[in-house]
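This report sets out the fold, the helix packing, the salt bridges and some local features of one protein model. Please read it alongside the sequence and the coordinates.

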Amino acid sequence: MMGRTHALAGVIGALAAQPLLADYVAPHMGISHAAAMGPGATLLMAIGGAGGAMLPDMDHRHATIAHALGPITKVLCIGVGAISGGHRNGTHSFLGIAAFTALSWGLCGLGGWPAMIWAGFVLAIGSAALHLKFSKKSAAVHTLICLLGCVALWRAGVSGHMDLRMLTGGVMVGAATHVVFPTDILTREGCPLLWPVSKRRFHLASLTTDHLAEHTIVSWSLVGALVATVLWRAGYLGDAVSAVRPLWDTIMPSGPRPGRRR
């Protein structure tokens with residue numbers, strides 16, 4: 001799947017999973033429920049979801065993530081690809097998801113410069129998925145935005161308005177959406193979920209990257225899911241359903257159909 005598809009799925013998954021993480025995971029991390037559900041935590045989850053969804057493609061030197069920060073991410077992708085056995089091997093497995101989650105947990109736990117650099121990196125690769133073209137001008141603007149965002153996240157973390165550890169929750173969910181569902185596992189190539197124990201590739205469908213099915217069915221389904229998730233998290237999903245219900249009843253009446261006249 002393309003970078004935009006991965007990033008969108010990661011954001012949706014992270015926003016949907018945040019209440020569960022706040023209820024069952026955050027207390028064991030020493031994060032209060034209120035802090036785990038606050039606007040700062042929501043922003044970190046969204047950033048982590050988008051960036052985490054790009055991390056498994058760090059094994060591909062020509063992927064969107066490889067262009068996110070110029071030669072820095074290019075070299076990283078070449079190195080990770082060599083270690084993980086090439087594209088769609090180690091990074092596209094349960095072990096890969098666990099490795100990215102552990103890396104984020106460790107860096108965010110250290111705080112200070114390591115956490116700030118990691119947060120900026122995740123922001124950079126997640127926002128890179130929204131770039132339609134990496135011209136020199138767009139790359140410069142993207143780098144400037146990410147640097148400013150990095151400093152803002154760091155200051156918010158230092159001041160106590162954000163707990164950067166919530167970024168790890170987004171990274172974990174984002175990486176999982178890339179590998180397990182709903183993106184690469186729907187493709188013809190599938191993912192070796194049990195790598196390195198088994199190289200068997202699991203797939204639920206036979207979609208092809210950057211073709212009609214992705215641009216129509218998958219993309220628009222994700223857009224609809226994002227709208228529904230945002231409305232749900234904002235508490236307006238019920239109102240939206242009530243507003244649409246009369247139109248739906250007009251198009252698809254639920255009553256018995258009149259019999260045909262002979």
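## Overall fold

Along its sequence the protein follows the pattern α-α-α-α-α-α-α-α-α-α. The secondary structure comes to 10 helices and 0 strands; helices (H or I, at least four residues) and strands (E, at least two) are DSSP runs, numbered from the N terminus. Of the 262 residues in the protein, 42% are buried. Buried means under 20% relative accessible area, exposed over 50%, and partly exposed in between, with a 1.4 Å probe and protein chains only.

The model is predicted: local features need pLDDT of at least 70, side-chain atom pairs count only at pLDDT 80 or more, and totals for chains, interfaces and linings use all residues. Residues are numbered from 1 along each chain as its sequence is written, and side-chain values use heavy atoms, with hydrogens and water left out.

## Helix packing

Helix H8 takes part in two of the packings described here, one with H1 and one with H5. The axes of H1 and H8 come within 8 Å and cross at roughly 130 degrees. This angle makes H1 oblique to H8. Axes are lines fitted to C-alpha atoms, for helices over the stretch in contact, and angles run from 0 to 180 degrees between N-to-C directions. Angles under 35 degrees count as roughly parallel, over 145 as roughly antiparallel, 65 to 115 as roughly perpendicular and the rest as oblique.

H5 and H8 have axes 9 Å apart and pack at an angle of about 165 degrees. H5 is therefore roughly antiparallel to H8. The crossing of H1 past H8 is right-handed, and H5 also passes H8 in a right-handed crossing. A crossing is left-handed if the near helix is turned anticlockwise from the far one by less than a right angle, and right-handed if clockwise.

## Salt bridges

The count of salt bridges comes to 3, where a salt bridge is a side-chain nitrogen of Lys or Arg within 4 Å of a carboxyl oxygen of Asp or Glu. Arg 88 forms one of them with Asp 184, with the closest N and O atoms 3.2 Å apart. Arg 88 lies in the loop between helix H4 (71–84) and helix H5 (94–110), and Asp 184 in the loop between helix H8 (166–179) and helix H9 (212–234), so the pair ties together parts that are 96 residues apart in sequence. Arg 88 counts as buried because its relative accessibility is 7%, and Asp 184 is likewise buried, at 1%.

Arg 88 also meets Glu 189 in a salt bridge, at 3.4 Å from N to O. This pair links distant parts of the chain, 101 residues apart, with Arg 88 in the loop between H4 and H5 and Glu 189 in the loop between H8 and H9. Glu 189 is partly exposed, at 43% relative accessibility. Arg 88, Asp 184 and Glu 189 are thus linked in a network of salt bridges. A further salt bridge joins Arg 165 to Asp 163, with the closest N and O atoms 2.8 Å apart. Arg 165 is partly exposed, with a relative accessible area of 23%, and Asp 163 is partly exposed at 26%.

## Backbone features

Arg 88 has a positive phi of about 60 degrees although it is not a glycine. Two cis peptide bonds can be described as well: the bond from Phe 181 to Pro 182 has omega near 15 degrees, and the bond from Trp 195 to Pro 196 has omega near 5 degrees. Pro 182 is in the loop between H8 and H9, as is Pro 196.

Gly 190 is placed in the loop between H8 and H9. It is buried, with a relative accessible area of 0%. The C-alpha atoms of Gly 190 and Leu 207 are separated by 9.5 Å, the two residues being 17 apart along the chain.

## Surface patch

Leu 20, Tyr 24 and Val 25 form a nonpolar patch on the surface, with about 330 Å² of accessible area together. Patches are made of residues with over 30% relative accessible area and no salt bridge; like charges are joined within 9 Å, and nonpolar side chains (Val, Leu, Ile, Met, Phe, Trp, Tyr) within 5 Å. Accessible areas come from the Shrake-Rupley method with a 1.4 Å probe, and for residues only the protein chains shown count as cover. Leu 20 is found in helix H1 (residues 3–24) and is exposed, with a relative accessible area of 53%.
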